[in-house]
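Student: I would like to learn how to read a structure like this one, feature by feature. Could we go through the features together, with the general idea before each case?

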Protein chains: 2
Amino acid sequence: MSSARHHSDSLAHKLADSGLRATPQRELVYQTILARRDHPTADEVFARVKSEMPSISLATVYNCLETLIDCDLVRAVNFDRAPTRYCPNLHPHAHFHDKETGATHDVDIPEELLAALKKTLPPGYKADAIDITFRGHAARDDK
Amino acid sequence: MSSARHHSDSLAHKLADSGLRATPQRELVYQTILARRDHPTADEVFARVKSEMPSISLATVYNCLETLIDCDLVRAVNFDRAPTRYCPNLHPHAHFHDKETGATHDVDIPEELLAALKKTLPPGYKADAIDITFRGHAARDDK
DNA sequence: TCTTAATTTGGAATTATTCCAATTTTCACT
DNA sequence: AGTGAAAATTGGAATAATTCCAAATTAAGA
């Protein structure tokens, strides 16, 4: 069929690489996350996905999200104890969390800065990943 | 004055600054966090504190921890969705989370690196705080 | 001491997430 | 195309950290 296939195929491929099956639910959840890169929570993904596939369950949304994370198609993002948010941006990046609006923005961090950060670790410490979260507000000029 | 007094006095002072009262519970929770800087969870703090003051409740431990955070005497640290951990290290620092042992270590980040990170933010974004978490494993040397 | 507000307390409520057992679907192989 | 085994989905129950609540206690000031 048509152009939507593109994503599906790459999804199916990635899933197959991990010995997993491509299912309509997984494809829909993935498409949904890709469609609006606004870091939705599982509940929000559930709500969006449900309008397209009313029979899907919240448990399945959680399952799909975890599967997508395992396949490195989606990243889980946590701020404090707030519900986990999901992000299809695989490129290494930091997050800026606006306290006032609650919005989350991706922030690119230069490769050399990440490298410099890793170098600050004491000998013997090996970091597989670095999570960087900025907390603040997108400034108007007031306060 | 004994050195223990020091802490209590500074606690009472900081509390007073925020219009709050010094209570035995708050002092004990604070002393307990100070005694072993191992990033305990609220439950762990509760367990430690209970041996000294068996009548204290978990709700109070949560209350005290929040109060201490509000007074900038303690920092809350979150890793993914795991229980919040509490840290009396006020000096700005990052955390290294050892996947194998589950242990958490403080890591100092040079001031200029933090400044460099803040500079990567798009114009108009103002960061009040940066959370940096390394995830990995520390090669052979713990305890 | 008396008064009032702050604090503590135990238990119930909340919330995000995981678990579970039963069904349904998918895929590989005829 | 049909079949069986394995994988995935489903709804609901269970879990776990934290917050909420209303009553009891405690502290500080007049």
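**Reading the two copies, a helix and the DNA surface**

Tutor: In this predicted model, chain B can be laid on chain A by a turn of 180 degrees and a shift of 0.0 Å along the axis, with an RMSD of 0.2 Å.

Student: How are the two copies related, given that turn and that shift?

Tutor: The general idea is that two copies of a chain are related by a rotation about an axis and a shift along it. Here the two copies are therefore related as by a two-fold rotation axis. The residue of chain B that comes closest to this rotation axis is Ile132(B), whose C-alpha lies at 2.3 Å. The same surface serves both copies, in that 94% of the contact residues of chain B recur in chain A.

Student: What does chain A look like when its helices and strands are read along the sequence?

Tutor: Chain A has 5 helices and 5 strands, and along the sequence they follow the pattern α-α-α-α-β-β-β-β-α-β. The C-alpha trace of chain A spans about 50 × 45 × 30 Å along its principal axes, and 22% of the 143 residues count as buried. Among the contacts in chain A between residues at least 6 apart in sequence, 47% join residues at least 24 apart.

Student: Which residues of H4(B) are buried, and where do they lie around the helix?

Tutor: One can begin with the length of the helix and then look at where its buried residues point. H4(B) has 13 residues and reaches 18 Å from its first C-alpha to its last, which is close to the 18 Å expected at 1.5 Å a residue. Its buried residues are Val61(B), Cys64(B), Leu65(B), Thr67(B) and Leu68(B), and because they cover an arc of only 160 degrees around the axis, they fall on the same side of H4(B). What covers these buried residues includes H2, helix H3 (42-52) and strand E2 (85-87) of chain B. Just after H4(B), Asp72(B) takes a positive phi of about 60 degrees.

Student: Is Arg21(B) buried or exposed?

Tutor: Burial is judged by counting neighbours, and a residue with 12 or fewer other C-beta atoms within 10 Å of its own is exposed. Arg21(B) has 9 C-beta neighbours inside 10 Å, so it counts as exposed. Arg21(B) lies in the loop between helix H1 (3-17) and helix H2 (24-35) of chain B. For a sense of distance, Arg21(B) and Val107(B) are 86 residues apart in sequence and, C-alpha to C-alpha, 33 Å apart in space.

Student: How does Ala47(A) count, with 14 C-beta neighbours inside 10 Å?

Tutor: Ala47(A), which lies in helix H3 (residues 42-52) of chain A, counts as partly exposed because it has 14 such neighbours. Ala47(A) and Val61(A) are 14 residues apart in sequence and 9.9 Å apart in space, again from C-alpha to C-alpha.

Student: Which residues are closest to DNA strand D, and which elements contribute to the surface near it?

Tutor: A surface of this kind can be read by its residues, then by its elements, then by its chemistry. DNA strand D is surrounded by 22 residues, the closest being Thr23(A), Gln25(A), Ser57(A), Thr60(A) and Thr84(B). The elements that give two or more residues to this surface are helix H2 (24-35) and helix H4 (58-70) of chain A, together with helix H4 (58-70) of chain B. H4(A) provides the largest share, 4 residues. By chemistry, the residues of the surface near DNA strand D divide into 9 nonpolar, 9 polar and 4 charged.

How values were computed
Residues numbered from 1 in each chain as written. Chains lettered and ligands numbered in written order. Predicted model: local features only at pLDDT ≥ 70, side-chain atom pairs only at ≥ 80, totals over all residues. Buried ≥ 20, exposed ≤ 12 C-beta atoms within 10 Å, placed from the backbone. Near = placed C-beta within 6 Å. Nonpolar A, V, L, I, M, F, W, Y, C, P; charged D, E, K, R; others polar. Least-squares fit on C-alpha atoms with pLDDT ≥ 70 in both. Contact = placed C-beta atoms within 7 Å. Expected span 1.5 Å × (residues − 1). Arc of directions from axis to C-beta.
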